[in-house]
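Keep the sequence and the 3D view open side by side while reading. The paragraphs below go from one helix to its surroundings and then to some single residues.

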Amino acid sequence: MASVTSLGDSVQQHLASALSATLPEAAGADPLLRRSDRADFQANGILALAKKAKANPRELATQVVANVVTGGVIKEIEVSGPGFLNVTITDRAITENLAARYADTDRLGVPLAEHPGTTVIDYAQPNVAKEMHVGHLRSAVIGDAVVQILEFTGESVVRRHHIGDWGTQFGMLIQYLDEHPHELDHKDAEGGAVSGEEAMSNLDRLYKSARRLFDSDEEFKTRARRRVVDLQAGDPPTLAAWQRFVDESKIYFFSVFEKLDMEIQDPDIVGESGYNDMLHETCRLLEESGVAVRSEGALCVFFDDVKGPDGNPVPLIVQKSDGGFGYAATDLSAIRDRVFNLKANTLVYVVDARQSLHFKMVFETARRAGWLGDDVTAYQLAFGTVLGKDGKPFKTREGETVKLVDLLDEAVERASAVVREKAQDLSEAEIAERGAQVGVGAVKYADLSTSANRDYKFDLDQMVSLNGDTSVYLQYAYARIQSILRKAGEVRPSAHPELELADAERALGLHVDSFAETVADAAAEYAPHKLAAYLYQLASLFTTFYDKCPVIKPAPPKDIAENRLFLSDITARTLHQGMALLGIRTPEKL
């Protein structure tokens, strides 16, 4: 199905034609069109053009209005203030545009990008042998939403989960397991296999025991460090033990991502170890090109604008003086792989804002080395911290980091209570299913409705509230429309372009029509929060429409009822599609 030109784009084209007819040298100028509370749209571009042409802006605006073709899309256009143009759309154009979107059941008239490329998105990066905590939530949720949005616009997306699966800690873990071989015998009290979560708790406990011994016993520390050398040299028994840790951890990762209603594929998990074979070559290329230099035995890259508190340059250390490799070597090798093997045009890293300096230095190093050319963009989608209600980093009462699984379980429990309270004809199994969809949706939406770079407060009471900017409010709006459609009986949704629209119908229709523009903006800026804001406004406008425009009772004339059902149904489809792009389910009944 062909994409649908939005009403905003149609008005833009009308104004651009009138502008070039009035002022030939203004051909191609942007009329600066936006939605307005004074009319359907307002154009502010005349002011700058008048200044450039040394003309009176109000007079120029009046001349432009005289050249605007009205009747089809534009009902009326008038000059306002110093030279603004206020534009009102015809009711017919609104309904016809929505009908064209409604006919495109798969995409709602949203166009595919004109020049799609290949984007590698690095997100959801847990650590092997460690439990996932609240700090892992944002990278996973934001990254997954950006993947969905980009793929919907036609971009070719390669997912990469850069898990922490290499480094000195594995020498410690493997040596400890070698000396305490029964620590990972995963059996429950009855002798059966345990779940992924319980297995991970055992791994986490083993990690903490190994760390305590490492910090307190110098002889164990020496043995553990020898194990790191064995691991890096590819010693078969050591590699086998390492692989066991990785495999056990993946089972756990998959169970957590499944709970988050996210699909993670094993081939997309390429951890630090996946770049081991490239590290020496990466260092050689950097040193031979002069991008990196030896300083006190370490291979470093220096930057004029990065200095420590003492005023001395702080380098990016690619290789340590003892020959070991830091994160920089792995990250630079990953860039080489993603640009030259995966043929990426864009690299997006969904990583904590506190790592901004590291990525700034890594990207600049890759540019100097020629690995990030003018045709490749590298971008850190930096995110803020999850805070507790007290505004401090989110912790348990004991000051411990909150486990992600515990947090999700509590959200589902709270949401299930809300669903049960509202449920009218749902079975216990349906309440449990809806509780999971509402609870996980609530956690995701609270994250995604906040601009990624801002911190946000994790408040479950607010997240599962039916009032305010929550996913529950949006899910209930969708379920309410499904209920309306079921109760409509033989009256079916049908567009009637000949009808005049009430103000609430116009407002809802114009907002539905701007879905494609919102998706394009969210994709271009990697900004799921823009889509979330759009959907909240959509649900709010539907509530106003439903309050002011009877759909079923009291029964309006048949053509008006059909048109209002049509407006309701396209609102529901838009809510469903938009929420899906955020990774949130929309149950038919709640």
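Which are the buried residues of H11? In this predicted model, they are Ala-328, Ala-329, Thr-330, Asp-331, Leu-332, Ser-333, Ala-334, Ile-335, Arg-336, Asp-337, Arg-338 and Val-339. The helix itself covers residues 327-341 and has 15 residues. Because 12 of these 15 residues are buried, H11 is largely enclosed by the rest of the structure. From its first C-alpha to its last, H11 reaches 20 Å, close to the 21 Å expected at 1.5 Å a residue.

The next point is what surrounds this helix. The buried residues of H11 pack against strands E5 (118-122), E6 (156-160), E9 (316-319) and E10, and against helices H10 (279-288) and H12. Arg-336 is one of the buried residues of H11, and its charged end sits over the ring of Trp-371, 5.7 Å from the ring centre. Just after H11, Lys-343 takes a positive phi of about 60°.

Two of the elements that pack against H11, E10 and H12, are also linked to each other by a pair of rings. Tyr-349 and Phe-359 form a tilted aromatic pair, with 5.1 Å from centre to centre and 45° between the planes. Tyr-349 lies in strand E10 (residues 346-352) and Phe-359 in helix H12 (residues 356-368), so the pair ties together parts that are 10 residues apart in sequence. Both Tyr-349 and Phe-359 are buried. Together with Phe-363, these two residues form one aromatic cluster.

The structure holds 13 aromatic pairs. Another of them is made by Tyr-176 and Phe-220, which meet edge-to-face at 6.4 Å centre to centre, with 90° between the planes. Here the sequence separation is 44 residues: Tyr-176 lies in helix H6 (residues 168-179) and Phe-220 in helix H8 (residues 218-233), so the pair ties these parts together. Both Tyr-176 and Phe-220 are buried. A ring is also involved at Arg-35, which lies over the face of Phe-41, at 5.6 Å from the ring centre.

Strand E9, one of the elements packed against H11, leads on to a sheet. How are the strands of this open sheet ordered? There are 3 strands in the order E7-E8-E9, and the pairing is antiparallel. Strand E7 (293-295) and E9 stand at the edges with a single partner strand each, so one side of each is left without a neighbour in the sheet. From one strand to the next, the twist averages 50°. Strands of a sheet pair through backbone hydrogen bonds, in either a parallel or an antiparallel way. Strand E8 (residues 298-301) pairs with E9 in the antiparallel sense over 3 bridges, and Val-301 has Leu-316 in E9 as its bridge partner. Helix H10 lies across E7, E8 and E9, and runs at about 120° to E9.

Now turn to helix H1 (residues 7-22), where Leu-19 is found. Is Leu-19 buried or exposed? Leu-19 has a relative accessible area of 4%, and so it is buried. Leaving aside neighbours within four places in sequence, Leu-19 is in contact with Ala-26, Ala-29, Pro-31, Ile-46, Leu-49 and Val-64. Leu-19 and Leu-60 are 41 residues apart in sequence, while their C-alpha atoms are 9.3 Å apart in space.

Some loop residues deserve a look at their backbone. Leu-108, in the loop between helix H4 (91-103) and E5, has a phi near 55°, a positive value in a residue other than glycine. The relative accessible area of Leu-108 is 4%, so this residue is buried. Asp-261 has a positive phi too, near 60°, and is likewise a residue other than glycine. The place of Asp-261 is in the loop between helix H9 (236-259) and H10. Its relative accessibility is 30%, so Asp-261 counts as partly exposed.

Which residues does a cis peptide bond join? They are Lys-553 and Pro-554, with omega at about -15°. Pro-554 lies in the loop between helix H19 (528-548) and helix H20 (558-581).

Methods: Residues are numbered from 1 along each chain as its sequence is written. This is a predicted model: local features need pLDDT of at least 70, side-chain atom pairs count only at pLDDT 80 or more; totals for chains, interfaces and linings use all residues. Side-chain values use heavy atoms; hydrogens and water are left out. Rings of Phe, Tyr and Trp (its six-membered ring) pair if their centres lie within 6.5 Å; planes under 30 degrees apart count as stacked, over 60 as edge-to-face and the rest as tilted. Helices (H or I, at least four residues) and strands (E, at least two) are DSSP runs, numbered from the N terminus. Buried means under 20% relative accessible area, exposed over 50%, partly exposed in between (1.4 Å probe, protein chains only). A charge sits over a ring if NZ of Lys or CZ of Arg is within 6 Å of the ring centre and within 35 degrees of the ring normal. The expected span of a helix is 1.5 Å times one less than its number of residues. Contact means heavy atoms within 4.5 Å. Two strands pair if DSSP finds at least two bridges between them. Axes are lines fitted to C-alpha atoms, for helices over the stretch in contact, and angles run from 0 to 180 degrees between N-to-C directions.
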